[in-house]
Amino acid sequence: MFFNLPTLLTWARIVAIPLIVGVFYLDGLSRAEQNLVATAMFIVFALTDWADGYLARKLNQTSAFGAFLDPVADKFLVCASLLVLVHMDRADVFAALIIIGREIAISSLREWMAIIGATKSVAVHMIGKVKTTVQMVAIPFLLFDGRLLGLIDTRVWGGWLLWLSAVLTVWSMVYYLQKALPEIRARSR
């Protein structure tokens, strides 16, 4: 199951990272064109997150490797995009640090819970899905960095959505830590 269609879509998110970053270093494109291309690429590759899971279930091609790689690809795509946005002064560094720090902490917690056989206590919850959705809207708004339909200032809206995502990030981290705490206490005795 290393190279089935769902897993290839997941790999595409990882391959997308240098492509999205590279757009901002292309000569011959205006800043607005770079923004548009990077935004379109991010949206297309972010949609593969939904598509790979759907296809894995539909084609009966779920695998332990795919279940491992999917969140890793998501985190790489989000964290790399946030770093680019901070570098371009479009995203607040503290919001990015909160989001990236939470991703590292929860990934570590999930790994540890897997080692002790308690993965169900930190299974993905709706708050985590809402957090991801808000991030996946904030990032393309910030990448676009212009007026959408002549009305929406995407930098302003993206900034607010990024901070909302940071708040949801902390909320979801607290939720997962509370769920894991009984297992942690039981193992530390």
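Which helix supplies the largest share of the lining of the largest pocket? That share, 11 residues, comes from H3. The structure is a predicted model, in which local features need pLDDT of at least 70 and side-chain atom pairs count only at pLDDT 80 or more, while totals for chains, interfaces and linings use all residues. Residues are numbered from 1 along each chain as its sequence is written, and side-chain values use heavy atoms, with hydrogens and water left out.

Empty space comes first. Rolling a probe the size of a water molecule over the atoms shows where such space is left. On a 1 Å grid over the protein atoms alone, a pocket is an open set of points with protein on both sides within 12 Å along at least five of seven lines, a cavity is a set where a 1.4 Å probe fits but cannot get out, and lining residues have an atom within 4 Å of a point. Grid points are joined across faces, edges and corners, and a volume is the space filled by probe spheres set on the points.

By this approach, the largest pocket has a volume of about 1600 Å³. Its lining holds 46 residues, and Asp49, Asp70, Pro71, Asp74 and Val124 are those nearest the pocket centre. At least two lining residues come from each of helix H1 (5–23), helix H2 (31–58), helix H3 (64–87), helix H4 (93–115) and helix H5 (126–144). Helices (H or I, at least four residues) and strands (E, at least two) are DSSP runs, numbered from the N terminus. In character, the pocket lining splits into 19 nonpolar, 15 polar and 12 charged residues. Here Ala, Val, Leu, Ile, Met, Phe, Trp, Tyr, Cys and Pro count as nonpolar, Asp, Glu, Lys and Arg as charged, and the others, Gly among them, as polar.

The structure also holds one cavity of 30 Å³ or more. The volume of the largest cavity is about 40 Å³, and the residues around this cavity are Ile17, Ile20, Val21, Leu77, Ala80, Ser81 and Val84. H1 and H3 each give at least two residues to the cavity lining, with the largest share, four residues, coming from H3. Six of the cavity-lining residues are nonpolar, one is polar and none is charged.

Charged side chains are the next topic. Nine salt bridges (a side-chain nitrogen of Lys or Arg within 4 Å of a carboxyl oxygen of Asp or Glu) are found in a search of the whole structure. One of them joins Arg13 and Asp49, with an N to O distance of 3.6 Å. Arg13 lies in helix H1 and Asp49 in helix H2, so this pair ties together parts that are 36 residues apart in sequence. Arg13 is buried, at 1% relative accessibility; buried means under 20% relative accessible area, exposed over 50%, and partly exposed in between (1.4 Å probe, protein chains only). A network of salt bridges links Arg13 and Asp49 with Asp52, Asp70 and Asp74.

Glu103, in helix H4, is the meeting point for the next set of contacts. Lys131 forms a salt bridge with Glu103, the closest N and O atoms being 2.9 Å apart. Because Lys131 lies in helix H5 and Glu103 in helix H4, the pair ties together parts that are 28 residues apart in sequence. Both Lys131 and Glu103 are buried. A salt bridge also joins Glu103 to Arg102 (3.2 Å, N to O), and Arg102 is buried as well, at 4% relative accessibility. A polar contact of 3.2 Å connects the side chains of Glu103 and Lys75. Such a contact is a pair of N or O atoms within 3.5 Å; within protein, one must be able to donate a hydrogen and the other to accept it, and residues adjacent in sequence count only if both atoms are side-chain atoms. Leaving aside residues up to four places away in sequence, Glu103 touches Lys75, Lys131 and Gln135, where contact means heavy atoms within 4.5 Å.

Helix H5 also contains Ile127, which is buried with a relative accessible area of 10%. Beyond residues up to four places away in sequence, Ile127 touches Leu168, Trp171, Ser172 and Tyr175. The C-alpha atoms of Ile127 and Ser172 are separated by 5.8 Å, although these residues are 45 residues apart along the chain.

Finally, two loop residues deserve a look at their backbone. Asn60, in the loop between H2 and H3, has a positive phi near 55° and is exposed at 63% relative accessibility. Leu149 sits in the loop between strand E1 (147–148) and strand E2 (152–153); its phi is near 60°, a positive value in a residue other than glycine, and Leu149 is exposed at 75% relative accessibility.
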